[in-house]
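I opened a new notebook page for this one. Come along as I look things up, one entry at a time.

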Amino acid sequence: MAKNLLIVESPAKAKTIEKILGTDFEVKSCYGHIRDLEKEDMGIDINNGFKPKYMVSEDKEKVVKELKSLAKKSEEVWLATDEDREGEAISWHLCEVLNLDPAVTKRIVFHEITKPAIQKAVQSPRTVNMDLVNAQQARRVLDRIVGFEISPILWRKMSMRNNLSAGRVQSVAVRLIVERERAINKFIAESSFKVDAYFQAADINNKKVTFKAEGPDKMKDSGTAKSYLEKCINASYTVQDIQVKPGKKSPAAPFTTSTLQQEASRKLGYSVSKTMLLAQKLYENGHITYMRTDSVNLSDTAQEGIRNAVTNQYGDKYYQARKFQNKNESAQEAHEAIRPTDMNNNAAGDADTQRLYDLIWKRTMACQMTDAQLERTIAKIAVSTQPDPLTATGEVLRFDGFLKVYSEGRDEEDGDEENEGMLPPLTVGQQLDLQEMLATQKFTRPQPRYTEASLVKKLEELGIGRPSTYAPTISTIQARGYVERREKEGVKREYEILSLKDNKISSKKDSENVGAERNKLFPTDLGMVVTDFLSEHFGKVMDYSFTAKIEEEFDEIAQGKQKWNKMLDGFYKPFHESVEHTMEHAGRAKGEHELGTDPVSGKPVVARLGRFGPMVQIGSTEDEEKPRFAKLRANQSIETITLDEAMELFKLPRNIGVFEGEDVVVNIGRFGPYAQHAGKFYSLKKEMDPYTVELEEVAPLIEEKRKAQAESTIKIFEKEKIKILKGPYGPYIKQGLRNYKIPKERIETAANLTIEEVKAIIEEAKANPPKKTARSKKGKS
């Protein structure tokens, strides 16, 4: 038995550290958080200083039992959970559960899992930092209060099942996405005309090359653009002025959590959660430093390693020492940016992990390399018939510097980057030959929808959330059905091009695909209605600056400048008053949008949120005749659907023809589109649209599914409508939509079961339903 027990969070980390420390240490994992707030009564004693009531998670009872046993046998217990607030809280919970004194128990932290870092940490242990623990505790308690008090209001005030919930940071993140969506829906594109002139001149090899010069300010309409071109007929073009200016590009800072998530999304197409999963793996295997950080600091040792890597691979002229400033005031200088632990290591695991490691390695190298040196040439070209000159711009890379290794990606929000090529040698007074002048119609564009990465960037800009919260926030809002990540098809839009060539003006139409989206975040109708309701009744909780202020207060608690329960007291009283007032006085939230009147019945047509999702309703529940309902299609929203589109939805059910002497009818039910034939139901394939699908597509589907059902059928009791079927895990009983397990001892003889035996199995299953196991969080919240 080793003298020392060292507890870490993950088994992968435990293996790596145990190899480093040798036989004196036994390294065990607690598998993340071992305790959480109780579910009953919120798990918080509000009247006793917000004292939390914790319980060991059900799935961690075995882990805790083993750790208790090992702790009793060990001479000393060391805690080596992660260095952030979550990690500090886990160490404190371990002290509580294992009966260790947090004031004397040895706590070690390290930014990387390397032999020098681990050995240094063991030589200089500290104790649990209760300020960090209290900051995490305050966040957990406040978020539990918000969720537990607002969620029941949503259940009562919305026509939905009791699966709605609200979260402090999540609800604000959804609000950002909702507001962007509405801004896009309201946006009206405005057109203008941009003039580009194309000239020819000799290059250094006396070869004719074409280059572009831009016209003056955009023209407001086609008539203005045509008038400009008309004035240029028979004009002469002379180089009026040439300016050559040096320029430079500097490398970006090394990665923080948010910038890594953004760049991995832009360059590798990784989701935020995938990036963090792979980064965790790289950290635990000793390849990179800790991956939850908002610091851009690099240690002296790291800078020395980068300097050696740069000079050895590219030479001294490519190296430039740099120190970057943290934008976030709460970022701790003692923490480091995300970087490789060894710049000489190039291998880091499977393909996806390797791609992320390469990205981190290149960014780290580039941040200590020289600027890229540019030379920009700006030529002004006078037009004899116009007052304003044209402008030609060229850019030449004189020295690549850090660009030899890495170039930072861009978001759509940043606009298009002009890739300026080289200009041929030009001289002042030189006459130029115009090849063609184009006036192209351009349209303004709305701000793009958020990607996961650009949402992280926005949250960070607003001061909402911290490195450990970005990925869980984005995963949660999608899991709750408030936001979905999906594609959107573009639509064709015509634009006009006017051309002046050989002193003749012509016009033509062309088209472009606009509005296409890929992997963007769209709010669902549910997300929009919930956001409106929360914004109306809980304006403070949904306010961006208030949410950022709460984060600042958590930082103050972590720095020992504020008492955590005093901070919660200041939040809770006004918040709870809002909760009670809303529960009593707020009306139901349906998100109704009146679309118009049904041309046949004259009844009102309304798009709204129903119990099973967004739908259109014709008529009112107060009418003698029952209202008619139709479910919205996947790409439709109650906010943007038109009356014509709504009426199309009532074309279902559709009779698409006769197959084997029976009608085939397609419709949409609770579980999606289906075809009905001879009293049986067949789910349509994903690619089949119930509004357009034809009999030729559905008939083979019916035959295929019928054959599959026949092959899986062991026995049928027609009168009782009960079947014994083959399943992937063995035979089972099906009655209606319910499935029942066959006892193990009867599986081999399932085909011989009588109807009495089958009924007895069903009754036994109903009397003793399987227990639902409570889900608890694994790892960090």
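**Entry 1: confidence.** Before anything else I noted that pLDDT is the predictor's confidence in each residue, on a scale from 0 to 100. I need that here, as this is a predicted model. I looked up the average for the chain and found a pLDDT of 91, with 96% of the residues scoring at least 70. Then I asked myself where pLDDT stays under 50. The answer is residues 773–781, for which the model has 27 contacts beyond four places in sequence. I added a reminder in the margin: where pLDDT is low, the predicted coordinates should not be read in detail.

**Entry 2: the whole chain.** Next I stepped back for an overview. The chain has 781 residues, and 47% of them count as buried. I found 19 helices and 30 strands in the chain. Along its principal axes, the C-alpha trace spans about 100 × 85 × 55 Å. I also looked up the accessible surface, which comes to about 41200 Å², with 47% of it belonging to carbon and sulfur atoms. For contacts with a separation of 6 or more, I saw that 69% are between residues 24 or more positions apart.

**Entry 3: helix α1.** I then picked one helix to follow, α1, which covers residues 11–21. Which of its residues are buried? I wrote down K13, A14, T16, I17, I20 and L21. These buried residues pack against two strands, β1 (4–8) and β2 (25–29), and against two helices, α4 (115–123) and α9 (272–284). Just after α1 comes G22, where I noted a positive phi of about 80°.

**Entry 4: empty space inside.** My last search was for cavities. Rolling a probe the size of a water molecule over the atoms shows where empty space is left. How many cavities of 30 Å³ or more are there? The count comes to one, and the largest cavity holds about 50 Å³ of space.

I wanted to know what surrounds that space, so I listed the lining, taking a residue as lining when it has an atom within 4 Å of a cavity point. The lining residues are G167, Q170, S171, V174, Y482, G527, V530, T531 and L534. Helices α6 (168–186) and α14 (525–537) each supply at least two of the lining residues. The largest share, four residues, comes from α14. Sorted by class, the lining has four nonpolar residues, five polar ones and no charged ones.

Key:
Residues numbered from 1 in each chain as written. Predicted model: local features only at pLDDT ≥ 70, side-chain atom pairs only at ≥ 80, totals over all residues. Heavy atoms only, no water. Contact = heavy atoms within 4.5 Å. 1 Å grid on protein atoms, 1.4 Å probe; cavity = no way out; pocket = protein on both sides within 12 Å on 5 of 7 lines; lining within 4 Å. Points joined across faces, edges and corners; volume = space filled by probe spheres on them. Nonpolar A, V, L, I, M, F, W, Y, C, P; charged D, E, K, R; others polar. Buried < 20%, exposed > 50% of the residue type's maximum accessible area, 1.4 Å probe, protein only. Areas by Shrake-Rupley, 256 points an atom, 1.4 Å probe, with all protein chains shown as cover.
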